[in-house]
Amino acid sequence: MKMKLLQEFNYLDTYNAITGVVIVFLSHVFGKYWYLFMVFLALNSIDYVTGWLKSKILKKINSNAGLRGVIKKLGYWIMILVAFIASFFFIQIGAVLGIDLHITTALGYFVLASLSINEMRSIVENLVEAGYDVPKILTKGLEVADFSTKSFNLLLGTSTESVS
């Protein structure tokens, strides 16, 4: 009886081992805050699904539009990569010059946050256009966050506006 009980829980050991390997890999690739990148990936996926749902409800399914959406999301990931590469580059130059430029890592996280807000806004827009009754707090909250991000971008002279 005891052996059978242990065999029934053997799948938990396998699950824990696989989960551990995945987390170690993600931590190695994306660093200490790997889960922020996974949240962004989840937002990418949810936005794609809600966009597809909207087009299905409105009877406007178009494979070209879907492909453009996937390519746009790939572009977002490239922007994040470039921002983190730039911050790494500045940190290395700072080390050569004897200046601590670790603050430039904020550049990568700012781009990640800006694009995350963009994805959240797009998800809400898709749901509204599909006819869902979205709470005002979501639509207004994302408008404020989007406005704040755009204001900061104007201050820096940069933009994270997506090309439609």
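A crossing of two helices is left-handed if the near helix is turned anticlockwise from the far one by less than a right angle, and right-handed if clockwise. Helices here are DSSP runs of H or I with at least four residues, numbered from the N terminus.

The model is predicted, so to speak of a local feature a pLDDT of at least 70 is needed, side-chain atom pairs count only at pLDDT 80 or more, and totals for chains, interfaces and linings use all residues. Residues are numbered from 1 along each chain as its sequence is written, and side-chain values use heavy atoms, with hydrogens and water left out.

**Exercise 1. Describe how helix 4 and helix 5 pack.**

Step 1: Recall the general idea. Two packed helices are described by the angle between their axes and the distance between the axes.

Step 2: Find both values. Axes are lines fitted to C-alpha atoms, for helices over the stretch in contact, with angles from 0 to 180 degrees between N-to-C directions. For helix 4 (residues 63-97) and helix 5 (residues 105-129), the axes come within 7 Å and cross at roughly 165 degrees.

Step 3: Name the arrangement. Angles under 35 degrees count as roughly parallel, over 145 as roughly antiparallel, 65 to 115 as roughly perpendicular and the rest as oblique. This pair is therefore roughly antiparallel.

Step 4: Add the handedness. Helix 4 passes helix 5 in a right-handed crossing.

Step 5: Look at who meets whom, where contact means heavy atoms within 4.5 Å. On the helix 4 side, the residues include Tyr76, Ile80 and Phe84, and on the helix 5 side they include Tyr109, Leu112 and Leu115. By class, there are twelve nonpolar, four polar and two charged residues. Ala, Val, Leu, Ile, Met, Phe, Trp, Tyr, Cys and Pro count as nonpolar, Asp, Glu, Lys and Arg as charged, and the others, Gly among them, as polar.

**Exercise 2. Do the same for helix 3 and helix 5.**

Step 1: Check the span of each helix; the expected value is 1.5 Å times one less than the number of residues. Helix 3 (residues 34-57) has 24 residues and reaches 35 Å from first C-alpha to last, close to the expected 34 Å. Helix 5, with 25 residues, reaches 37 Å, close to the expected 36 Å.

Step 2: Read the geometry. The axes of helix 3 and helix 5 come within 9 Å and cross at roughly 25 degrees, so the two are roughly parallel. Their crossing is left-handed.

Step 3: Sort the contact. Its residues divide into eleven nonpolar, six polar and four charged.

**Exercise 3. Are Asn44, Ile123 and Gly141 buried or partly exposed?**

Step 1: Set the scale. Buried means under 20% relative accessible area, exposed over 50%, and partly exposed in between (1.4 Å probe, protein chains only).

Step 2: Take Asn44, which lies in helix 3. Asn44 is buried because its relative accessible area is 5%. Not counting residues up to four places away in sequence, Asn44 touches Lys73, Tyr76, Trp77 and Glu119.

Step 3: Move to Ile123 in helix 5. At 11%, Ile123 is buried too. Leaving aside neighbours within four places in sequence, Ile123 is in contact with Leu43, Ile46, Asp47 and Thr50. The C-alpha atoms of Ile123 and Asp47 are separated by 4.9 Å, although the two residues are 76 residues apart along the chain.

Step 4: Finish with Gly141, in helix 6 (residues 136-156). Gly141 is partly exposed because its relative accessible area is 38%.
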